[in-house]
Amino acid sequence: MNNQNRITCIIVDDELSSQKVLQHFVSETEVLELKQTCSNTAEAFKYLQLNSAVDLLFLDINMPKQTGLDFYKSLQHPPAVIFTTAYPQYAVEGFEVNATDYLLKPIAYERFLTAINKVLNEKALQPKQDFLILKENKALHKVFFSDIAVIEAFGDYVKVHLADKTIVTHSTFSGFIEQLPTHFIRVHKSFSINLNKMEQLSGNQIQISGHKIPIGQTYKSKVLKALDL
């Protein structure tokens, strides 16, 4: 991937073990480019003052001298931020400063990818973003929204049905569909579909790319409204 298309980021965390985890995750994620790792907010502030702006901060909340929250609030032109912490009680305050996401330590790579996909889809950063990065086993897949036909809940995973294959990735169903653009619509407690690929609606069933998807009673009026029916 061209470096100009990558999301530049810095890591700010006082724990060496947490730094190493995030560094590894960033190195495994092609869309990210790590510019610096800082052990405290003073180092981060100095870096931001002396270098060109970055797109994203991975920012630990509970740090000595100055918290990540206070540091972020002090920035005049703050980039996107993903807060990291071992303390879930900070989550609400983190979202009050419009954080893109909040990762609870220990961080799983699948959850990390969900956060990165949220960054990718923020209009201020990537207005034309049209894909997701999905992990299946040890492989990473770049999946364009236009290639997705159906999203299916599958326990602690989701099945992403494409025209030629199905990718099974670790995610909650509700968390996954939050990342989808507006032409995707939930039609059942376990299914969301790409309206652009729908072929036929018959009774309480939708035919789409070789799949027959049930329409849940709770979702039927929403589906008909989306189709202008």
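Student: Which residues of H2 are buried?
Tutor: This is a predicted model, in which local features need a pLDDT (the predictor's confidence in each residue, from 0 to 100) of at least 70, side-chain atom pairs count only at pLDDT 80 or more, and totals for chains, interfaces and linings use all residues. Residues are numbered from 1 along each chain as its sequence is written, and side-chain values use heavy atoms, with hydrogens and water left out. Helices (H or I, at least four residues) and strands (E, at least two) are DSSP runs numbered from the N terminus. Buried means under 20% relative accessible area, exposed over 50% and partly exposed in between, with a 1.4 Å probe and protein chains only; in H2 the buried residues are Thr-41, Ala-44, Tyr-47 and Leu-48.

Student: What arc do these residues of H2 cover around the axis?
Tutor: They lie on the same side of H2 because of the narrow range of their directions. The arc is that of the directions from the helix axis to the C-beta atoms, and here its value is only 120°.

Student: Which residues are exposed on the other side of H2?
Tutor: An α-helix has 3.6 residues a turn, so residues three or four places apart point the same way. On the side of H2 away from the buried residues, the exposed ones are Ala-42, Lys-46, Gln-49 and Leu-50.

Student: What covers the buried residues of H2?
Tutor: Contact means heavy atoms within 4.5 Å. The cover includes strand E1 (7-12), strand E2 (32-38) and helix H3 (68-74).

Student: Which helix gives the most to the lining of the largest pocket?
Tutor: On a 1 Å grid over the protein atoms alone, a cavity is a set of points where a 1.4 Å probe fits but cannot get out, a pocket is an open set with protein on both sides within 12 Å along at least five of seven lines, and lining residues have an atom within 4 Å of a point. The residues lining the largest pocket include Phe-45, Leu-48, Gln-49, His-77 and Pro-79. The most, three residues (within 41-50), comes from helix H2.

Student: How much space lies in the largest pocket?
Tutor: Its lining has six nonpolar (Ala, Val, Leu, Ile, Met, Phe, Trp, Tyr, Cys and Pro), five polar (those in neither other class, Gly among them) and no charged residues (Asp, Glu, Lys and Arg). A volume is the space filled by probe spheres set on the points, which are joined across faces, edges and corners. For the largest pocket this is about 250 Å³.

Student: Which element gives the largest share of the lining of the largest cavity?
Tutor: There is one cavity of 30 Å³ or more, and the largest cavity holds about 70 Å³ of space. Elements giving two or more residues to its lining are helix H5 (109-120), strand E6 (131-136) and strand E10 (166-170). By class, that lining has four nonpolar, six polar and two charged residues. The largest share, four residues, is from H5.

Student: Which residues does Gln-23 touch, not counting those up to four places away in sequence?
Tutor: Gln-23 is in helix H1 and is partly exposed because its relative accessibility is 30%. Its C-alpha atom is 7.7 Å from that of Leu-34, 11 residues apart along the chain. With that exclusion, Gln-23 touches Ile-11, Leu-34 and Thr-37.

Student: Which element has the lowest mean pLDDT?
Tutor: The protein chain averages 88, and 91% of the residues score at least 70. Where pLDDT is low, the predicted coordinates should not be read in detail. Helix H1 (residues 16-27) has the highest mean, 97, and the lowest, 60, belongs to helix H4.
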